[in-house]
Structures are given as C-alpha cells and as structure tokens.
Amino acid sequence: MEKSCSLLIHFDKSTPAIANEIKEALEGNDVDAKIDAMKKAIMLLLNGETLPQLFITIVRYVLPSEDHTIQKLLLLYLEIIEKTDTKGRVLPEMILICQNLRNNLQHPNEYIRGVTLRFLCRLNETEIIEPLIPSVLQNLEHRHPYIRRNAILAVMSIYKLPQGEQLLVDAPDMIEKVLSSEQDPSARRNAFLMLFTCAQDRAVNYLLTHVDRVSEWGELLQMVVLELIRKVCRTNQREKGKYINIIISLMNAPSSAVIYECAGTLVSLSSAPTAIRAAANTYCQLLQSQSDNNVKLIVLDRLNELKSSHRDIMVEMIMDVLRALSSPNLDIRRKTLDIVLELITPRNINEVVLMLKKEVVKTQSGELEKNGEYRQMLIQAIHSCAVKFPEVASTVVHLLMDFLGDSNVASAIDVVVFVREIIETNPKLRVSIITRLLDTFYQIRAARVCSCALWIIGEYCLSLSEVESGIATIKQCLGELPFFSVSEETEPTDPLKKTQQATSVTVSSRRPAILADGTYATQSAASETAFSPPTVVQGSLASGNLRSLLLTGDFFLGAVIACTLAKLVLRLEEVQPSKVEVNKATTQALLIMVSMLQLGQSSALPHPIDNDSHSRIVLCIRLLCNTGGEVRKIWLQSCRQSFVKMLSEKKLRETEELKAKAQVSNAQPDDLIDFYHLKSRKGMSQLELEDEVQDDLKRATGEFVKDGDDANKLNRILQLTGFSDPVYAEAYVTVHHYDIVLDVTVINRTKETLQNLCLELATMGDLKLVERPQNYTLAPESSKQIKANIKVSSTETGVIFGNIVYETSNVLERTVVVLNDIHIDIMDYISPAVCTDAAFRTMWAEFEWENKVAVNTTIQDEKEFLEHIIKSTNMKCLTAPSALDGECGFLAANLYAKSVFGEDALVNVSIEKQADGKLSGYIRIRSKTQGIALSLGDKITVKQKGGN
C-alpha cells in the first residue's frame, strides 16, 4: 500500500541530486549548503527514492544544529521517511529521534517548540509518541499562545490515533479546562475543535452553557460552532430549534465569512419563513458590501438556489437583488437579471421595469466598453417583462425605440423584435408605435433591423394617413431614382467605379462566410458586420439608409422593400377613395421595384442580384399589375395570422416548460404526519413553531422523500470479468460532474487465499486516476469492495481499462486477469439547454469543429427518427413543433445541449424521405472542442439505427 503524504513540493526532475553530493554538503559546516542539501533530500524522498545511507549522517550532523530552518527541514525529513519495517514495527534507530524531539518540546525557543508540536500532529507511530506525551501536556500551560494552540492540536491528533484513548485517557477533561481559561482566539478555536471531533457531547454542553456569549467569540471559533450545529442537527432533527436561535444571534457578527456560513446553515436546517428571510437578507447585504466579483457570483448562486425552493420569500427581496446591477462585471449583471426575471409579480413589475429603464439610459453615457452588450441584456429583460405583463409595455416601448439605430446591431435587433411582438399583443399602442417608427426609421443603419421594421410598417399601417406616411418614408430613405446613371455604366474607365470595385474586393476577401448548411462562400460586401462605407453611385445625391444598404449589394433588403410597398399599395386601395392617388402610388412603387432590378442586373455593383430576391421583386411587380381577391387576402391577412400563430405557440411552449420545471412530489401512503396543533407548545419560540409547520408540510407533500431509482442503478453495473475467471469483478459507476467513482466488487472464486491482489487501472482520454492502487489479501470465496476515484477535465468519451493481478501461495508468478473496458458515456455530462436562434446561428458560424454523420437507419418516419436522436443524445430541440408539422418528406431541426464544463454542443438534423421509404441525409455536430464533436458523433452513429 502506498503511504499517505501530508506535503507536496514541486520537483524539477531534469536535474536530480546525487546522494553522495547531499551527504558531503550535510557533513560540512556551511549552513546554506546544509539547507540546500536537506531540501534536495526531501524532494528525492517524495519522489520515491529511499536514501537509507543518509539517516545516520543527518542524525550526526543535522540533529545538533541550532538553525531554525534546518530544524524545520529536519522535521519534514522525519515526517516522510519510513519509520517502520515490513511487519509494522518501529525501526530501532527511531529511538535516536525520540530524545531529540523531547529536547525540542522543552526548547527555550517558542518556534522550535511550535514546529515540533505541529510535526507530532502528523506522526502515527505510538511507540515514538508515548514517551513524548508528558512534554506535550506541559506545553498546554506555556505562556506563549503559539505553543498552546499547537499543543492542543497535538493532543487532538494523539487522541485520534487507534490507541489514543489509552495514551491520553483524560484528554477531553484537560482540553475542556483549557477552553474555559484560554484567552487566545486561535487556541480557543483549536480546543473547541478538539472537543467537537473527539468528545462531541462536551462541545455541545459547553456551547449551550455559554449560549449568551457566542456572539462575542472570535470568528474562528464561531465557524467551528456552526460546523458543530450542522453535524448535531443532521443526527438529531428534534433538537434544531435551540440551535437555530444561536445561528440567528450570529447573523449580526462583524465577520462576512461567519454571516455567509450562518445563512447557508440556516437554509440547510430550516424552512421557516423567518429563517429563510434572514438568510436572504444576509446574502443581499453581502452582495452590496463585498467588492470581490467572485464572492458576488457565489452569493448570487446561493440566491438562485433560494429562488428555486422559496420563491415567495425571494420575491420580497427583488429590489435588493437588483442593486447588484451596479457592478460593472457582465457575468454578475447577467446572473442578477436571470434571477430577477423569475421573481417578477404584478406587485413589483412597475418597480423592476423603472429600474431597468434607468439602467438602459445609463448605458448611453458610453463610459464602459461593454455598454452595448449590457444594453442588449437589459432590452431582452424588458422584453421578457413586457411579454409577461403587457400593461408595462407602454412605459418602455418608446424609450427602447430610440435604440433602433444603435451601433450595436444585436441590441438594435432585440429592440425591433420586441417592438414587433408588442405591436401585436398591445393593440392600443399600435398607432403610437407606428408613428414613432416612421419618424425614427431613417436612423436605422443595420439591414436586418431595417427588414424587420419594414415588415412592421407593411403589416400595421392601417389608416390612410399611416399608409401614405409609410410609402413616403420608404421613398425618402431610398432617395432619388434611378440608382445609377446609364451613361456612366458604359464607361469602363470611370475612376469612381474602379475605386468602388477595389473596395468591394477588399471587403469580400476579408474572411470566408459559413452558410447555414455548413458550406463556405466568399462573403459579399452585403455583410453587416464588416463592410466599407458604401460608395455613392452617380444619381444618389440625397442618399438615405435604405439606398446606402442597397448600393452595397444587399438585395434581400430590396426584396423586403418591394414586399412592403406592395402591401402598402394594396392597403391604400382599400382606404383611399381616389383612384387617381392609388394609381399614382402604384406607379411610384413599380418604378422603385424596376429600378432595383436594373441596379441588380447592372455592372455598377460587383455582385449581381441573387435569384431569390429577383423572383420576389418580380412577383411584387406582377401583383401590383394584376391584383386578385385571393392574392390580396394572402398578402394582407395570412402573413399576420402566421405571426399571431407563432406568438401563441411560443407562449404555449414557455408555459409547458414552466409546468415541467414545477416540482411534483408525492408522499408515501404510510408516512407519519405530525399535526403541530396537537403538540405541546410549551417553551417553543415562534421560529421553532414555524419550523415545525414547514417540516410537517414538507413531509405531507413528499419533499423529504428521495426516490432511489434502483432500476437505473442496475443499469450502471458493468461486468468486468467472466463467470469462469478465478476472480469475478463488477463495477458500479457513479458520475458526478468532475468526478467518476468506480465501486468495484471483487470476488475470489477459488479455494485458495489470494495475496497482493491489486486492481490496476489506466485511462484514455481526459480522465486521470487520483490514487495509486493498493494491495489486498482475499480469503477463499470472499469478496472485497475497492473504490477508485477518477477526475474528468472535459466532455469526451473516455475509456478505463486495466487488470487484476494477484499471487497464490503455491505459484511463484503473478496471475493477471484482464478486465473489460469501461466506456464513460458522454451523456452523463451533457444536459438539454435553450438558446435563441440568433445565438445558435452565431455559435454555428464561430465553432471550428464539425462532425458530419450520414443518416443510416431502419426508422422510416422523419419525426420518429428526430425523437429517437433527441432521446439518444439528451439534447433539446430548438425548432418549434409547428415548424415540424405536416408531411412533406423533408425535415430540418436544430438541437442544443450544454455540458457540465460549460461547453456548447450544436446539432443540425437534415433528413429526406426517399422514394423507397428510407431516410437519407446528414446530422452535423459543431462544438468549440474536438472531443465533444467526435464523442457525440460516435454516440449518434451507434444509436441512430434505432437500437439501444
């Protein structure tokens, strides 16, 4: 068995020291050389060397030294050398050490005494310790607190040894006396810790005797008191009432660490509203008082846990939590907003929205570099509030519309999507939103924002004045027609055109774009994120925002403009009595559409119009030339109906998710329920009564019942050897985030004793064994439980392989039984998660690892296959169910999951039904790291055929 080690030192193996050099340095008189030699000796010992020849040299030349550093290094050396022989008896030369240790314990220098006492804490050999006990006990009464506190720790360590209670029979009595007279905070803490560890009843009695003075004790002692309370209340639930009062009294302690521990202890012990409120208040105070961002994030995690289990109480704290937005750190702000959004009620919505509006206004100052990102988070939060409580939309929508022209494109997109949803869900705000949108439309600079704003104008301009204003705004933003001059188009030597083409080439060659299907394309100058200022083609003297974007080659926006104009003209026919005005507007709209087609087909731009946009604009021209009743209905009503349906489905999906999150717990039919009304209330405080009520409620609703899924446990048992092997082994694998625990049961199937039986394991992938294997002796037909801990550092399918090695008395060689490999499943590390479509597309474009798996399955139904993949990969389908409705022979869906290490896993399933009924297509997996993409691909390849 590998012995345990209590110190760890970095060792540079490139320059190992030689034992003879160390010996020479130790025998010399140079103190610095001796110190250096001792350090080298300790490092060699820690790395497996034995160096038996050094011991006598150290006893002769190092032991008598008066130098404090050498004495400290000598104790470290003594700590790590082997002090017993193979049979466990103490080596005779260790007697030489005893006298030196006794002298150190009576040394006039306090440091020497203190480090020697600390050394005794790590000594396990009773034969060495026994003669030193009187000297240790004398140090309990030393005048210096440093020696007293280490003497107490030494007494505790000796008492905890297997024969410790015989060596120090009255240790708890002595320590209790020391505790009552001690003044030094550290010594008091150590004394109380000794009682807590070795004589818990005495510690409890001391605490309850001095209960009134607990708040005056030092921070160190208060932390141990809280640890004791947690331990006592875990074993004896009925006693917790009096201890909760002690915790409440410690809530006012000056130490932040103590009050944080108090809050955590209170939440773990009690469900009484008063106790939870006190804990939440404490966390909110820490959130304000602590400047360290890591502390704030930890406190926010605790508040998030409270929100899940005690939402009603956390609702009262919502404004206190919101104060954390004053921190400039984006992670803290994001976490704060996530907590707050789940605590909004009709009573606090107005206060929350007012606070969020103030924060949005603050982001306009431009002092911080990440203001744009923070503004986007605030806009999304306000959007969420307005969807839950439509009545607040009127107070925020006009403020947010100021940000439609925001330089942060993502923020502007969030605003326009918010406006689109509010204008549908709040009909009263329609007129004011449309008026404001038409007034501020010229400020919008991003093509995607323009597209969404144009759709809103086309759908929600209903009155005559609104329709006319809409057409006028679009005309104004497009500028004068035509978009280019024909005479200049024919001149190949036009310097302006040359400049423009050169600029476009520079932009387009900047980086390849990744299309939605995973293929690459040269990015055109239409990119929002990286295009040069558009060169104005002759004829665009008063260039508006739509004109500028069109002249960069964005013909998708051109198609949107054409559709919006078509809708506005169709609506004008319904609300305008004058046919002349209608015809005039129609001709103007047709002229704009034709001009866009001409621009797309000219050589004035480096990229011609794409086929989709061309077809769309031509469709709009045909529509205005020949409008029929059915077509009019499609353009003026069906689009909006589809949008309304999308919103209702989104709301339905969110409601279902909330229901799924709600904890459903059931009580067992034969569970005992105590009715506190029938109990004696004598001597019980209000807090204790509340706590009793909450416990009874939990018991009644089944919250205390933890269902152990026995069937699931059986699935995790893996057979490692065959039934005919002399040693049978099976492992139960437990995966918990960064740790894997293998609980291996080894059974000796033979009639002989197996000696030096060792479970040797090795790993492949990002797995690491924590400890070295031990040797065991296994009697005939007996069994042994062996535990192995493995650390995991990333989401990757790892493999654990190994063998069992043992010896028998009548065979000299070692026998090896090879074990089956244990494959660690990636599914244990990933869980379904949700992200927006925009975030999914951004990650899809950014992630560099892709694994493309061809569909090969016996399943013949597209939806059934998708459900099978979702179940097999433990992922969340982001594509709305309505988008998957109907039978068309095609299916495309996006799946998303997150690993416990914070890694994102993106999957796109694209399948088609062939004429013979079989499914074909591809499943693409993308991630930031190679491991997760490969592991998920392997999983899908194995599972997709429909097997388990």
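**Exercise 1. Find the residue that caps the N-terminal end of helix α6, and work out how enclosed this helix is.**

*Solution.* Start at the cap.
- In this predicted model, the N-terminal end of α6 is capped by N109, which places a side-chain oxygen 2.8 Å from the backbone nitrogen of Y111.
- Next, look along the helix. It covers residues 110-120, and nine of its 11 residues are buried, so the rest of the structure largely encloses it.
- Now name them: E110, I112, R113, G114, V115, T116, L117, F119 and L120 are the buried residues.
- Finally, ask what they pack against. The partners are α4 (68-80), α5 (95-105), α8 (133-138) and α9 (145-160).

**Exercise 2. Decide whether N190 is buried or exposed, and list its contacts beyond four places in sequence.**

*Solution.* First locate the residue, then check its accessibility.
- N190 sits in helix α12, which spans residues 185-198.
- The relative accessible area of N190 is 5%; the cut-off for buried is under 20%, so N190 is buried.
- With neighbours within four places in sequence left aside, N190 is in contact with R149, I152 and L153.

**Exercise 3. Trace which strands pair with β9, and in which sense.**

*Solution.* Take the partners one at a time.
- Strand β5 (residues 739-748) pairs with β9 (residues 783-792) in the antiparallel sense, over nine bridges. Within this pairing, A788 of β9 stands opposite L742.
- Strand β7 (residues 767-769) also pairs with β9 in the antiparallel sense, over three bridges. Here I790 in β9 is the bridge partner of L769.

**Exercise 4. Work out how many disulfides the structure has, and why C477 does not bond to C450.**

*Solution.* Begin with the whole structure, then turn to the cysteine in question.
- A disulfide is a covalent bond between the sulfur atoms of two cysteines.
- The search of the whole structure returns zero disulfides.
- For C477, the closest cysteine sulfur belongs to C450 and is 7.6 Å away, which is too far for a bond.
- Accessibility adds to the picture: C477 is buried at 3% relative accessibility, and C452 is buried at 11%.

**Exercise 5. Describe the salt bridges of K40, E342 and R323, giving their partners and distances.**

*Solution.* The structure holds 29 salt bridges. Go through these in turn.
- K40 meets D36 at 3.5 Å, N to O. Both lie in helix α2 (residues 31-46), four residues apart, so about one helical turn separates them. An α-helix has 3.6 residues a turn, so residues three or four places apart point the same way. K40 is partly exposed at 35% relative accessible area, and D36 is partly exposed at 39%.
- E342 pairs with K307, with the closest N and O atoms 3.3 Å apart. This pair links distant parts of the chain, 35 residues apart: E342 is in the loop between α21 (330-341) and α22 (349-362), while K307 is in helix α18 (residues 293-309). E342 is partly exposed at 40%, whereas K307 is buried at 9%.
- R323 pairs with D320, the closest N and O atoms being 2.6 Å apart. R323 is partly exposed, at 42% relative accessible area.
- Elsewhere, salt bridges with shared partners join D173, E176 and R202 into one network.

**Exercise 6. Identify which stretches have pLDDT below 50, and how many contacts each has in the model.**

*Solution.* Set the scene with the chain as a whole.
- The mean pLDDT is 81, and 84% of residues reach 70 or more.
- Residues 488-511 fall below 50, with 30 contacts beyond near neighbours in sequence.
- Residues 522-542 also fall below 50, with 45 such contacts.
- Where pLDDT is low, the predicted coordinates should not be read in detail.

Notes
Residues are numbered from 1 along each chain as its sequence is written. This is a predicted model: local features need pLDDT of at least 70, side-chain atom pairs count only at pLDDT 80 or more; totals for chains, interfaces and linings use all residues. Side-chain values use heavy atoms; hydrogens and water are left out. pLDDT is the predictor's confidence in each residue, from 0 to 100. Contact means heavy atoms within 4.5 Å. Buried means under 20% relative accessible area, exposed over 50%, partly exposed in between (1.4 Å probe, protein chains only). Helices (H or I, at least four residues) and strands (E, at least two) are DSSP runs, numbered from the N terminus. A polar contact is a pair of N or O atoms within 3.5 Å; within protein, one must be able to donate a hydrogen and the other to accept it, and residues adjacent in sequence count only if both atoms are side-chain atoms. Two strands pair if DSSP finds at least two bridges between them. A disulfide is a pair of cysteine sulfur atoms within 2.5 Å. A salt bridge is a side-chain nitrogen of Lys or Arg within 4 Å of a carboxyl oxygen of Asp or Glu.
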